[in-house]
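Here is a walk through one structure for someone who likes to look at atom pairs and distances. Have the viewer open while you read.

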Amino acid sequence: MSNFSFAEWSNLLDQWEASSSSSSSNADHKPEKTIPTTTSVEKLIKEIENPLTREHALFALSRNREIRANLAPLLWNSTGTIYLLLEEITTAYRVMSSPDLVARATNNVCNALVLLQCIASHPDMRMNLIKANVPYYLYPFLEARNKEKQYEYLRLISLGIIGALVKVDNAEIVHFLLQSEIVPLCLHCMEVGNELSKTVATFIIQKILVQDEGLRYFCSFAERFFALTRVMGTMVDKLVEEPSSKLLKHIIRCFVRLSDCPRACDGFKISLPSKFRDATILNLIRDDPETLEWVRQLFVNIATGNRGSPSLIEQTLSLLPS
């Protein structure tokens, strides 16, 4: 199972920083080589209050991986810090519709989002984000259709916050997400995002489906079920040209979980991607016995519910390695 960590988002931002020609203001700021003390971290958090030092403080806090274990409580419990992070995020809304999202603005917002992702990853802090409705602030980044690099990083790190929230199975968090717009926004990201965004968005849907409420959400209404299977089917079709075993594994897990519902098995008669019977796709997981077993389980679930054609099931299973 994939876990999307604070360090991974920090790596992504390092890539963005290196490739951005407009980020010279941050170029002189290098991650600390020594492990900062609590006092120095608190000083950086305090510097967020000052507009003149905020950019450097956000950069230093978001990049330093040595402090992440204790950073979330310090961020959340410091007076006004979350407000200032959200202020930095909402400031970007004004430039989201502009033709060119400037790199400097993107850097600041990405750094603020990484700090929220740090809080979302903390077992004792993540529910605070839910109670404060913080995921709502991510909507503009998740609903963007622009595929340029700046927008993609905002999309990806926003998905990372949601991914961190659902990483540990929690029915209360899933209930909150189902009551919000996160599910349709994830489906949107699965359509317009790059490979990594698609992978994180599919991971989120997979974790939502793990909860019974999530399974009911998709299987109780035909339009929700077919919306999900259509998007995943399109991704499977594209995997023939752009293979990604990690993305395929998450897609398969989603289909297997859906097949636990008899109504979904009925829907699979017309919505199960034909590429699942394509040796090219199956070859992506040929060396992964666990995922091959998931594929077998998917077709067994359909067949044993008398929801699919036995001959079709046998034909597909014959393609799988023994």
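Leaving aside residues up to four places away in sequence, K249 touches D288, T291 and W294. This is a predicted model, so keep that in mind for everything below. K249 is found in helix α17, and at 29% relative accessibility K249 counts as partly exposed. Take W294 from that contact list: K249 and W294 are 45 residues apart in sequence, yet the C-alpha to C-alpha distance is 9.0 Å.

D288 brings a charge pair into the picture. The side chains of D288 and K249 meet in a salt bridge, at 3.0 Å from N to O. That pair links distant parts of the chain, 39 residues apart, with K249 in helix α17 (residues 245–258) and D288 in the loop between α19 (279–283) and α20 (289–304). D288 has 15% relative accessibility and counts as buried, whereas K249 is partly exposed.

**More charge pairs**

Side chains of opposite charge can pair when their charged atoms come close. How many salt bridges does the structure hold? The count is eleven. Three of them are set out here.

| Acid | Base | N to O distance |
|---|---|---|
| D288 | K249 | 3.0 Å |
| E88 | R54 | 3.6 Å |
| E87 | R54 | 3.7 Å |

R54 turns up in two of these rows, paired with E88 and with E87. Put together, R54, E87 and E88 are linked in a network of salt bridges.

Where do the partners sit? E87 forms its salt bridge with R54 at 3.7 Å between the closest N and O atoms. E87 lies in helix α6 (residues 81–91) and R54 in helix α4 (residues 54–63), so this pair ties together parts that are 33 residues apart in sequence. The salt bridge between E88 and R54 has an N to O distance of 3.6 Å. It also links distant parts of the chain, with E88 in helix α6 and R54 in helix α4, 34 residues apart.

As for burial, R54 has 12% relative accessibility and counts as buried. Both E88 and R54 are buried, while E87, at 30% relative accessibility, counts as partly exposed.

**Cysteines without a bond**

Next, the cysteines. How many disulfides does the count come to? Zero. C261 is in no disulfide, and its nearest cysteine sulfur, that of C219, is 3.7 Å away. The cut-off for a disulfide is 2.5 Å between the sulfur atoms, so a pair has to be within that to qualify. For C265, the closest cysteine sulfur is in C261, at 7.4 Å, which is too far for a bond. C261 counts as buried at 14% relative accessibility, and C265 is buried too, with a relative accessible area of 3%.

**Helices, and how they pack**

Zooming out, the protein has 21 helices and zero strands. Of the 322 residues in the protein, 53% are buried. Look at contacts between residues at least 6 apart in sequence: 77% of them join residues at least 24 apart.

Helix α11 (residues 149–166) is a handy one for a geometry check. At 1.5 Å a residue, its 18 residues should span 26 Å, and the end C-alpha atoms are 26 Å apart, so the two agree. Is α11 enclosed or open to the outside? In α11, 17 of the 18 residues are buried, so the helix is largely enclosed by the rest of the structure.

Two packed helices are described by the angle between their axes and the distance between the axes. Helix α13 (residues 182–192) and helix α14 (residues 195–210) pack at an angle of about 145°, with 8 Å between their axes. Their crossing is left-handed. On the α13 side, the residues that meet α14 are V183, C186, L187, C189, M190, E191 and V192. Facing them in α14 are K198, A201, T202, I204, I205 and I208.

**A backbone angle to check**

One last stop is N133, in the loop between α9 (126–131) and α10 (139–142). Phi of N133 is near 60°, a positive value in a residue other than glycine. N133 has 31% relative accessibility and counts as partly exposed.

Notes: Residues are numbered from 1 along each chain as its sequence is written. This is a predicted model: local features need pLDDT of at least 70, side-chain atom pairs count only at pLDDT 80 or more; totals for chains, interfaces and linings use all residues. Side-chain values use heavy atoms; hydrogens and water are left out. Buried means under 20% relative accessible area, exposed over 50%, partly exposed in between (1.4 Å probe, protein chains only). A salt bridge is a side-chain nitrogen of Lys or Arg within 4 Å of a carboxyl oxygen of Asp or Glu. Helices (H or I, at least four residues) and strands (E, at least two) are DSSP runs, numbered from the N terminus. The expected span of a helix is 1.5 Å times one less than its number of residues. Axes are lines fitted to C-alpha atoms, for helices over the stretch in contact, and angles run from 0 to 180 degrees between N-to-C directions. A crossing is left-handed if the near helix is turned anticlockwise from the far one by less than a right angle, and right-handed if clockwise. Contact means heavy atoms within 4.5 Å.
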